Amino acid sequence: MGISRRSFLNCAAAAATAATIPTPLFAGVDGKRIVSLDYGLASTLLSIGLPPVGISDLADWGRWVVEPRMPDSVVDIGSSYEVDFEVLLQLKPDIILTTPYLDELLPRLEPIAKVLRLEIFTPDGGPILPSSIAATRKLAAELGREREAELFLERSDAFFDGCRARLAGRSIPSLALVSFMDARHARIYSAPGLFHNALERIGLRNAWTRQSNYWGFETIGIEDLSTVSDPDARLIALEPVPSDVLPKLVESRLWQSLPFSRPGHVSVIPPALMFGMVNEAVRFAGLVTDLLEQDA
């Protein structure tokens with residue numbers, strides 16, 4: 001199932017600058033050449049009008065992030081684990097964006113450019129969506145884009161309100177959110193994670209009530225889904241789903257014993273990034289709203 005035209009347009013409004021004007025290679029914007037080692041920070045840059053000159057793991061952007069689109073001028077600097085420092089030096093960045101997750105790189109990054117280290121996913125950081133909003137404001141303040149950031153956050157907030165309004169008055173069961181690893185294991189998402197926060201923001205309930213790790217997920221065996229207490233709960237899986245998972249589940253006696261095996265209780269939606277920030281919460285909310293609206 002693809003995202004609907006209405007939610008696509010709404011998501012575009014929530015990330016208005018994602019459709020950026022092509023920029024010359026290495027040019028930067030407003031004299032700022034920024035490299036991001038984090039997808040969420042990179043998508044936030046696009047939404048405040050500062051496309052990066054380089055990001056890590058660019059090749060997988062379209063697979064995991066999808067929206068907003070990354071401009072063709074952006075350079076891949078390798079993976080966040082194995083940064084290509086030769087390419088990074090050629091880009092001559094003024095600023096490098098990173099997170100505590102990549103602190104081991106700091107001794108090699110700091111001689112190259114100013115490093116902005118923003119905390120979003122931390123053991124004592126609390127819910128991820130509020131942390132993402134705070135990080136957006138901090139990033140914008142560092143880059144002189146406070147007005148653009150507030151407009152972006154206002155559009156995002158309005159999008160969440162719109163999703164909530166579209167679903168209001170519908171009888172919607174609680175939702176279990178998973179990414180299948182194989183036919184026997186899955187990541188399941190709950191508090192304090194980004195997907196959980198987005199569900200609550202649009203007025204929906206998470207069927208998985210157990211607290212996760214600070215990234216917002218835990219890895220479970222399929223049998224653990226039997227502990228979901230809501231007999232009407234619905235399961236939503238995010239792409240990519242390994243090709244053999246659904247056929248194997250259909251043949252599994254364990255799966256057949258679960259309430260989710262009933263017709264209409266399992267759906268698959270396009271990918272959304274759980275390790276993201278506000279843009280990724282907006283995308284996820286739109287995908288879930290589209291699904292539930294179409295199935296009503």
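**Notebook: turns, rings and a buried serine**

I started with Lys92, which counts as exposed because its relative accessibility is 57%, and the cut-off for exposed is over 50%. Note to self: this is a predicted model. I found Lys92 in the loop between α4 (85–91) and β4 (95–98). Its phi is positive, about 50°, even though Lys92 is not a glycine. I flagged it because most residues other than glycine have a negative phi.

Next I went for the other positive phi on my list, Val66, which comes in near 70° and is not a glycine either. Val66 sits in the loop between α3 and β3. Buried or exposed, or something between, for Val66? I got 29% relative accessibility, so Val66 goes down as partly exposed.

I stayed in that loop for the peptide bonds. Glu67 to Pro68 is cis, with omega near -5°, and Pro68 belongs to the loop between α3 and β3 (75–76). I then looked up a second cis bond, the one joining Ala191 and Pro192, where omega is about 10°. Pro192 is in the loop between β7 and α8. Both went in the notebook because most peptide bonds are trans.

That took me to Ser190, in the loop between β7 (185–189) and α8 (194–201). Why does Ser190 count as buried? Its relative accessible area is 1%, and the limit for buried is under 20%. I listed what it touches, skipping neighbours within four places in sequence: His196, Asn206, Trp208, Arg210, Gln211, Ser212 and Gly216. With Ser212 I also picked up a polar approach, since I have its backbone nitrogen 3.4 Å from a polar atom of the Ser190 side chain.

Then the rings. How many aromatic pairs does a search of the whole structure turn up? I noted nine. One of them is Tyr39 with Trp61, edge-to-face, with 5.2 Å centre to centre and 90° between the planes. This pair ties together distant parts of the chain, as Tyr39 is in helix α2 (residues 39–47) and Trp61 is in helix α3 (residues 61–64), 22 residues apart. I checked burial too, and Tyr39 and Trp61 are both buried.

I also wrote down one aromatic cluster, made of Tyr101, Phe121, Tyr214, Trp215, Phe217 and Phe275. Phe217 has a charge over its ring as well: the charged end of Arg187 sits there, 4.2 Å from the centre. I logged a similar arrangement at Phe85, where the charged end of Arg108 is over the ring, 3.9 Å from its centre.

On to strands. Strand β9 (residues 234–238) pairs with β10 in the parallel sense, over four bridges. Leu235 stands opposite Val266 of β10. Which residues of β10 (residues 266–269) are on the covered face? I have Ser267 and Ile269 there, while Val266 and Val268 are on the uncovered face. The two faces come about because side chains in a regular strand alternate between the two faces of the sheet.

Last, the overall numbers. I count eleven helices and ten strands in the protein. Of its 296 residues, 53% are buried. Looking at contacts with a separation of 6 or more, I get 64% from residues 24 or more positions apart. The accessible surface is about 13300 Å², and 52% of that belongs to carbon and sulfur atoms.

Definitions and conventions. Residues are numbered from 1 along each chain as its sequence is written. This is a predicted model: local features need pLDDT of at least 70, side-chain atom pairs count only at pLDDT 80 or more; totals for chains, interfaces and linings use all residues. Side-chain values use heavy atoms; hydrogens and water are left out. Rings of Phe, Tyr and Trp (its six-membered ring) pair if their centres lie within 6.5 Å; planes under 30 degrees apart count as stacked, over 60 as edge-to-face and the rest as tilted. Helices (H or I, at least four residues) and strands (E, at least two) are DSSP runs, numbered from the N terminus. Buried means under 20% relative accessible area, exposed over 50%, partly exposed in between (1.4 Å probe, protein chains only). A charge sits over a ring if NZ of Lys or CZ of Arg is within 6 Å of the ring centre and within 35 degrees of the ring normal. Two strands pair if DSSP finds at least two bridges between them. A polar contact is a pair of N or O atoms within 3.5 Å; within protein, one must be able to donate a hydrogen and the other to accept it, and residues adjacent in sequence count only if both atoms are side-chain atoms. Contact means heavy atoms within 4.5 Å. Accessible areas come from the Shrake-Rupley method with a 1.4 Å probe; for residues, only the protein chains shown count as cover.
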